[in-house]
Amino acid sequence: MRLLPWTNDFGGPCWLSTANPDSRISRMADELESAMIASAEEVLAEARELLAESAVGEQELRFAGTRLAESLGDTLRIAASRGGRLESEG
């Protein structure tokens, strides 16, 4: 079972029950994971720039913190998915 990088309508995990990494859903999940990681890299770069400034407003910090938390959550979900696949292969 593969943990997908998106949630169901209730916020719970979505699982893919195929061992075929070339299935349409597997490829779509791989593409989404890549896009999520790229987005997290952009968010991190922007947050670092913001934090390097001497005068930053509360709203800007809250926005950056929210985006960082979202990106971290996405990245942890991807790591859990990939770790689970490594365990099942081993």
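Student: Does arginine 2 count as buried or exposed, and at what relative accessibility?

Tutor: In this predicted model, arginine 2 has its place in strand S1. Buried means under 20% relative accessible area. Arginine 2 therefore counts as buried, and its relative accessibility is 5%.

Student: Which residues does arginine 2 touch, not counting residues up to four places away in sequence?

Tutor: Contact means heavy atoms within 4.5 Å. Residues up to four places away in sequence are not counted. On that basis, arginine 2 touches Cys14, Trp15, Leu16, Ser26, Ala29, Asp30, Glu33, Ser81 and Arg85.

Student: How many bridges join strand S1 to S2, and which way do the strands run?

Tutor: S1 covers residues 2–7, and S2 covers residues 13–16. The two strands form a hairpin with five residues between them. They run antiparallel, and the number of bridges joining them is three.

Student: Which residue in the turn of the hairpin has a positive phi?

Tutor: The turn belongs to the hairpin formed by S1 and S2, with five residues between the strands. The phi in question is about 85°. The residue is glycine 11.

Student: Which residue in S2 stands opposite leucine 3?

Tutor: Arginine 2 stands opposite leucine 16 in S2. For leucine 3, the residue opposite in S2 is tryptophan 15.

Student: Which residues of S2 form its covered face?

Tutor: In a regular strand the side chains alternate between the two faces of the sheet. In S2, Pro13 and Trp15 make up the uncovered face. The covered face consists of Cys14 and Leu16.

Student: What distance does helix H1 reach from its first C-alpha to its last?

Tutor: H1 spans residues 24–52 and has 29 residues. At 1.5 Å a residue, the expected value is 42 Å. The reach in the model is close to that expectation, at 42 Å.

Student: Which residues of H1 are buried?

Tutor: Serine 26, found in helix H1, is one of them, with a relative accessible area of 3%. Alanine 29 is also among the buried residues of H1, and its C-alpha lies 9.7 Å from that of arginine 2, although the two are 27 residues apart in sequence. The full list is Ser26, Ala29, Glu33, Met36, Ala40, Val43, Ala47 and Leu50.

Student: Which residues does serine 26 touch, not counting residues up to four places away in sequence?

Tutor: Serine 26 is buried, with a relative accessible area of 3%. Its contacts include Arg2, a residue of strand S1. In full, serine 26 touches Arg2, Leu16, Thr18, Asn20 and Pro21.

Student: Is serine 71 buried or exposed?

Tutor: Serine 71 has its place in helix H2, residues 58–89. Serine 71 touches Ala40 and Val43, not counting residues up to four places away in sequence, and both appear among the buried residues of H1. Because its relative accessibility is 8%, serine 71 counts as buried.

Student: What separates the C-alpha atoms of arginine 67 and alanine 40?

Tutor: Arginine 67 is in helix H2 and is partly exposed, with a relative accessible area of 27%. Arginine 67 touches Ser39 and Val43, not counting residues up to four places away in sequence. Arginine 67 and alanine 40 are 27 residues apart along the chain, and their C-alpha atoms are separated by 8.5 Å.

Student: What separates the C-alpha atoms of alanine 79 and glutamate 33?

Tutor: Alanine 79 has its place in helix H2 and counts as partly exposed, at 45% relative accessibility. Glutamate 33 is one of the buried residues of H1. The pair is 46 residues apart along the chain, and the C-alpha separation is 9.8 Å.

Student: How many residues of the lining of the largest pocket come from H2?

Tutor: The largest pocket holds about 280 Å³ of space and is lined by 14 residues. By class, the lining has four nonpolar, six polar and four charged residues. H1 and H2 each supply at least two residues of the lining. The largest share comes from H2, and it amounts to four residues.

Student: Is alanine 19 buried or exposed?

Tutor: Alanine 19 is one of the residues nearest the centre of the largest pocket, as are Arg2, Thr18, Arg85 and Ser88. Alanine 19 lies in the loop between S2 and H1, and its C-alpha is separated by 8.3 Å from that of arginine 2. Exposed means over 50% relative accessible area. Alanine 19 has a relative accessible area of 80%, so it is exposed.

Methods: Residues numbered from 1 in each chain as written. Predicted model: local features only at pLDDT ≥ 70, side-chain atom pairs only at ≥ 80, totals over all residues. Heavy atoms only, no water. Expected span 1.5 Å × (residues − 1). Buried < 20%, exposed > 50% of the residue type's maximum accessible area, 1.4 Å probe, protein only. Pairing = 2+ DSSP bridges. 1 Å grid on protein atoms, 1.4 Å probe; cavity = no way out; pocket = protein on both sides within 12 Å on 5 of 7 lines; lining within 4 Å. Points joined across faces, edges and corners; volume = space filled by probe spheres on them. Nonpolar A, V, L, I, M, F, W, Y, C, P; charged D, E, K, R; others polar.
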